Amino acid sequence: MYRNNDSKIRLISVDASTKRMKQKYAPCLLIVTLILLLSIHLPHMIATNPSSVDTLDVRLDYTDISGLIASFGQINCGPLPNHNIPEGSVLTQQYKETGFQLVRTHDLSGPTDISMIFPDFSLDPKDPSSYDFTLTDTYITSIIESGCNVFYRLGESASGNQSLRQPPKDFEKWAEICKHILMHYNDGWNNGFHYNITYVEIWNEPDLSFFWNGTAEQYYQLYQITAETLRAYDIDLRIGGPCTSSLDNQAFTSGFLTFVKDHDLPFDFYSWHRYADSPYHLYNGSTFVRMLLDSYGFTNVENINTEYNINLIYPQRDNDNAKNAAFTTGSLSVFQDAGIDKAFRYRGTQDNNLLMRFIGLDISLFTVDGTYKTPALSYLLHHTLCQETPLRLSTEPITGESGITILAGISADGSNISIVISNYEAETTSISFSFDSLPWDQPYSFVKYCIDDSHHLQIIDRQLQHPENTSFIVSIPPSTVYHLRLTNSSTIPCEGPRVASIPWFLRLPLFDPLAKILSIAILLFILG
């Protein structure tokens with residue numbers, strides 16, 4: 001998948017003269033790009049740590065509960081390794097530890113794709129012998145056996161096969177195939193299962209010719225026919241789209257919503273993607289979608305981001321290090337107040353491609369052997385928060401605008417209080433916390449966990465405090481996450497597991513311009 005911030009690379013068909021022009025001017029483009037990248041990266045290569053310290057005051061009341069902390073345990077791919085990575089590890093245990101509950105079936109490189117299940121489009125979609133569920137059964141069953149549910153993306157994974165980017169030859173037939181796939185997994189048809197798959201997403205990123213080499217109007221027609229076919233089959237299915245890569249493309253925001261409303265189509269969720277500069281960028285996108293849906297009268301339609309991660313223009317180390325952990329923790333925090341219902345991290349499994357890592361396009365949470373990357377610790381921490389201190393303490397709405405996010409919770413029995421702080425991009429900030437009182441009249445433990453480039457959710461401070469000590473100050477530098485646990489219990493959360501190290505050549509900013517030049521060269525090659 002190739003993206004540039006919120007707007008993704010648009011693959012376009014070109015005639016012979018355009019190809020010759022690209023070949024002629026490609027060296028100039030590379031030189032200009034190198035200059036631009038040097039101007040971006042050089043200041044960071046020579047910058048020193050910020051010396052100023054901002055301050056922030058936060059008052060908390062352990063009796064002021066605003067609801068439950070939402071888990072946002074949604075992920076793309078896994079727990080089995082991708083079909084084309086046979087050496088990959090099964091991530092069932094890791095998914096349980098990090099609290100993932102819903103797996104989107106996209107970019108599995110074959111399994112769950114329509115073309116693999118129904119390989120010959122000329123065959124009869126009502127004939128069981130027309131289908132090959134062998135490999136897809138293995139993947140869907142692995143999701144169910146891991147304790148997760150399935151979010152089924154109907155369509156195709158990213159690939160170099162241009163025929164899979166074309167609109168189906170027969171929309172009614174394609175919809176019938178989709179219906180029989182769901183019959184197989186929900187009703188036992190064709191030696192199938194009863195997995196109760198509920199969420200069904202129609203296609204992936206039809207605003208990009210890399211996935212949909214048709215018009216927006218053709219996608220509207222495919223959505224209409226498929227959604228109506230599936231609703232007639234099962235009224236309880238939750239059906240949605242358009243799975244747009246960009247909220248700037250009006251054809252797949254207002255245009256799509258107008259078509260759905262005018263034709264009174266089945267529409268249970270709106271799906272969109274964002275590879276963001278910051279948690280605040282995700283917050284803005286989420287609130288925009290909620291406002292847009294409400295303005296069309298779709299107040300009960302779910303707002304679902306089916307792919308999110310940090311901006312892919314950043315170097316690979318920022319995909320794997322504490323910067324992305326701070327981004328991830330901040331994102332899970334801002335989602336609490338962003339009017340979003342689900343947010344699927346892209347992705348769990350790793351492609352194990354060294355070139356993709358060098359140019360910054362590996363955004364998995366786990367390595368090919370199943371080792372945690374540092375951002376995966378954010379999900380481990382958030383899952384602990386939801387499990388042990390799920391009652392959210394009231395704060396100001398969390399937007400991430402300042403670069404700092406603070407999310408706090410308390411256990412139902414009042415024995416544990418958690419405060420999770422993320423500093424994604426603010427300067428070192430001193431935060432003064434104060435409670436009017438605490439729920440204990442005896443000494444309590446104050447435990448401080450840290451995620452940064454030297455600590456993998458490890459305890460860096462532990463003190464016994466008197467019950468009258470209800471205030472404390474924490475100073476948090478950029479690209480850092482703190483978990484503060486206040487407890488009168490003898491049991492505290494475990495420290496995080498070891499994380500994968502980042503290769504030395506990916507840690508050096510010196511190679512960043514070269515990595516980006518290579519990524520652009522590869523994209524030019526793909527473009528012909």
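pLDDT is the predictor's confidence in each residue, on a scale from 0 to 100. In the predicted model described here, the chain averages a pLDDT of 89, and 89% of the residues score at least 70. The N-terminal stretch stands apart from this general picture, since pLDDT stays under 50 over residues 1-51, although the model has 87 contacts beyond four places in sequence for these residues. Where pLDDT is low, the predicted coordinates should not be read in detail.

The description of the fold begins with a barrel, into which eight strands close in the order β5-β6-β7-β8-β9-β10-β11-β12, with parallel pairing. From one strand to the next, the twist averages 25°. Helix α5, which spans residues 171-186, packs on the sheet and touches both β7 (149-154) and β8 (199-202), and the direction of this helix makes about 165° with that of β7. Elsewhere in the barrel, strand β10 (residues 269-276) and strand β11 (residues 302-310) run parallel and are joined by eight bridges; within this pair, Y275 has N309 of β11 as its bridge partner.

A second set of pairings involves strand β16, which comprises residues 429-435 and is mostly covered, six of its seven residues being buried. Strand β3 (residues 54-60) runs parallel to β16 and is joined to it by seven bridges, with D54 having T429 of β16 as its bridge partner. The pairing of β16 with strand β19 (residues 471-476), by contrast, is antiparallel and extends over six bridges, and here S434 stands opposite S471 in β19. Strand β16 is thus paired in the parallel sense with β3 and in the antiparallel sense with β19.

Turning to the interior, the largest nonpolar core has 97 residues, and those with the most contacts inside it are Y223 and F267. Helix α5, already described as packing on the sheet, gives the most to this core, with nine residues. When neighbours within four places in sequence are left aside, the residues in contact with Y223 are I202, I239, G240, G241, F256, V260, L265, P266 and F267, a list that includes F267, itself named with Y223 for having the most contacts inside the core. Apart from the largest core lies another, of 25 residues, among them L393, I404, I419 and A426.

Terms used. Residues are numbered from 1 along each chain as its sequence is written. This is a predicted model: local features need pLDDT of at least 70, side-chain atom pairs count only at pLDDT 80 or more; totals for chains, interfaces and linings use all residues. Side-chain values use heavy atoms; hydrogens and water are left out. Contact means heavy atoms within 4.5 Å. Two strands pair if DSSP finds at least two bridges between them. Helices (H or I, at least four residues) and strands (E, at least two) are DSSP runs, numbered from the N terminus. Axes are lines fitted to C-alpha atoms, for helices over the stretch in contact, and angles run from 0 to 180 degrees between N-to-C directions. Buried means under 20% relative accessible area, exposed over 50%, partly exposed in between (1.4 Å probe, protein chains only). A nonpolar core is a set of buried Ala, Val, Leu, Ile, Met, Phe, Trp, Tyr and Cys residues joined through side-chain atoms within 4.5 Å.
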